[in-house]
Each structure stands twice: as structure tokens, then as C-alpha cells.
Amino acid sequence: MSQTPAAHDSKFMQMPLPDGTLYRIVPIPVGIRVIRLWLEHDWPLSTDHALQLRDELGWVSSPSKATLFTTNHGTGEKDASAIAIRGMVDSFAFNLSSRIALEFEPLVEAVARSAFDQYVGALSAFYGKGITEWNDEGEARSVTWQLPSTATVQIGKSGWLLRVNIDSPNAVAAAAAEAEYFEIFDENDDELPEDEW
């Protein structure tokens, strides 16, 4: 990427709330560039390299934990984190919206849904059609894409919260192995006599 993402690249999508606070959503161009910066590099990603990316973005680590970040996205909190195992980043997540009181969730639903749909459209332009998970009302609650590296990115919406999760190829392989194990275990479940439990 030639350009470092910054919160001032575009205006925030924001909505004033009755208590005087603002519901903010990270601008689509900013969010997409941040996603691509974390996702489109050679895996595995060392924690040292992750901290370099943090510095490029102008993010700040928590004093107590280097892999818990406050971004410059204007959400006003520690809103990004990485999980590292043996010095390598296993997964990474960050919020695309600010937190609000639950009572205001119905007021921002349409704005959150619109932003989610725009993010899905923008990511689909880069990575093709993702795998959609639906909620009980028939609305998309998350969409996941897998890259040729086997790393995945998922954007999810739950009420007012928009969140991105990026899993490394190692994390994806571990999840697949775990799912296969439990599938085999479930298949054999009926074959075990009750007294063996």
C-alpha cells in the first residue's frame, strides 16, 4: 500500500444521539485501507512486524498490553487488538463503529446497516463474493472472505457494532482441524455405549 490510512482521509459517518454523544462509523475508504494493510502481507506476521504496522497507522498500544490498540478512528476507546502466539500474530480484530448506550441502538440501526452493506460491497470488489451468515430476520450478520494465502477477513454487524476479524492462515488451519475433530467425534457419538460415558 502506498498510502498510510488515517482518520482524516474522509469525513466520519456520524449521527448525533439524544444524550449529546455521536455514533461514529469509520469512513469506508479508511476502513478498507486498514483491512488491506493487515490482511495483504506475507504470512506469518511477527508481533514485531505488527507493531511496525501499528506505528505506520498512528495507533497507540495500551500501557499494560502491547497488542491492545487505540486507533485514530475516533471511536474513543481501545478498539483494536491482536492475538499473538509464540511471537506470531494469530488473529487481529478492530471496531468500525463507536460504542453507544443500548437504548439508542434502534436509532442507529439504519445507519449501521447501510455502512455494513457499503463495507461488504467494497470488500467484495477486492475479494469477490464472500460467505454470508444470516440472522433470524434474514439479514446478513457477517460476511467472510478467504484469500489465496488462506487468511480470512470477516466483517460482522451486531446491532450498532461493526467489527472486522482477520485470521492468519495458521488460525484458519487450526479452526478447520478443530471442526474436523468435532465432526468425527459427533459422527461416532451414537456408536458409544452409554456406560462408556
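Tutor: Partly exposed means a relative accessible area between the buried limit, under 20%, and the exposed limit, over 50%. Keep that in mind. This is a predicted model.

Student: Why is E109 called partly exposed?

Tutor: E109 has a relative accessible area of 25%. Buried needs under 20%, and exposed needs over 50%. The value for E109 fits neither, so E109 is partly exposed.

Student: What makes the contact of K157 with E109 a salt bridge?

Tutor: The closest N and O atoms of K157 and E109 are 3.0 Å apart. The cut-off is within 4 Å, for a side-chain nitrogen of Lys or Arg and a carboxyl oxygen of Asp or Glu. The pair therefore counts as a salt bridge.

Student: How do you know that this pair links distant parts of the chain?

Tutor: K157 lies in strand 9, residues 152–158. E109 lies in helix 3, residues 105–127. The two residues are 48 apart in the chain.

Student: Is K157 buried or exposed?

Tutor: K157 has 9% relative accessibility. That is under 20%, so K157 counts as buried.

Student: What makes D55 and R54 a salt bridge?

Tutor: Their closest N and O atoms are 2.9 Å apart. The limit is within 4 Å, so the pair qualifies.

Student: Why is R54 called buried?

Tutor: R54 has 15% relative accessibility. Buried means under 20%, so R54 is buried.

Student: And why is D55 called partly exposed?

Tutor: D55 has a relative accessible area of 48%. Exposed needs over 50%, and buried needs under 20%. D55 meets neither condition, so D55 is partly exposed.

Student: How do you know that E133 forms a salt bridge with R141?

Tutor: Look at the closest N and O atoms of E133 and R141. They are 2.4 Å apart. That is within 4 Å, so the pair is a salt bridge.

Student: What makes E133 and R141 partly exposed?

Tutor: E133 has a relative accessible area of 35%. For R141 the value is 38%. The limits are under 20% for buried and over 50% for exposed, so both residues are partly exposed.

Student: Which residues are joined into one network?

Tutor: R113, D117 and E139 are, through salt bridges that share partners.

Student: How many salt bridges does the structure hold?

Tutor: It holds six.

Student: How many helices and strands does the protein chain have?

Tutor: There are four helices and ten strands. Of the 197 residues, 41% count as buried.

Notes:
Residues are numbered from 1 along each chain as its sequence is written. This is a predicted model: local features need pLDDT of at least 70, side-chain atom pairs count only at pLDDT 80 or more; totals for chains, interfaces and linings use all residues. Side-chain values use heavy atoms; hydrogens and water are left out. Buried means under 20% relative accessible area, exposed over 50%, partly exposed in between (1.4 Å probe, protein chains only).
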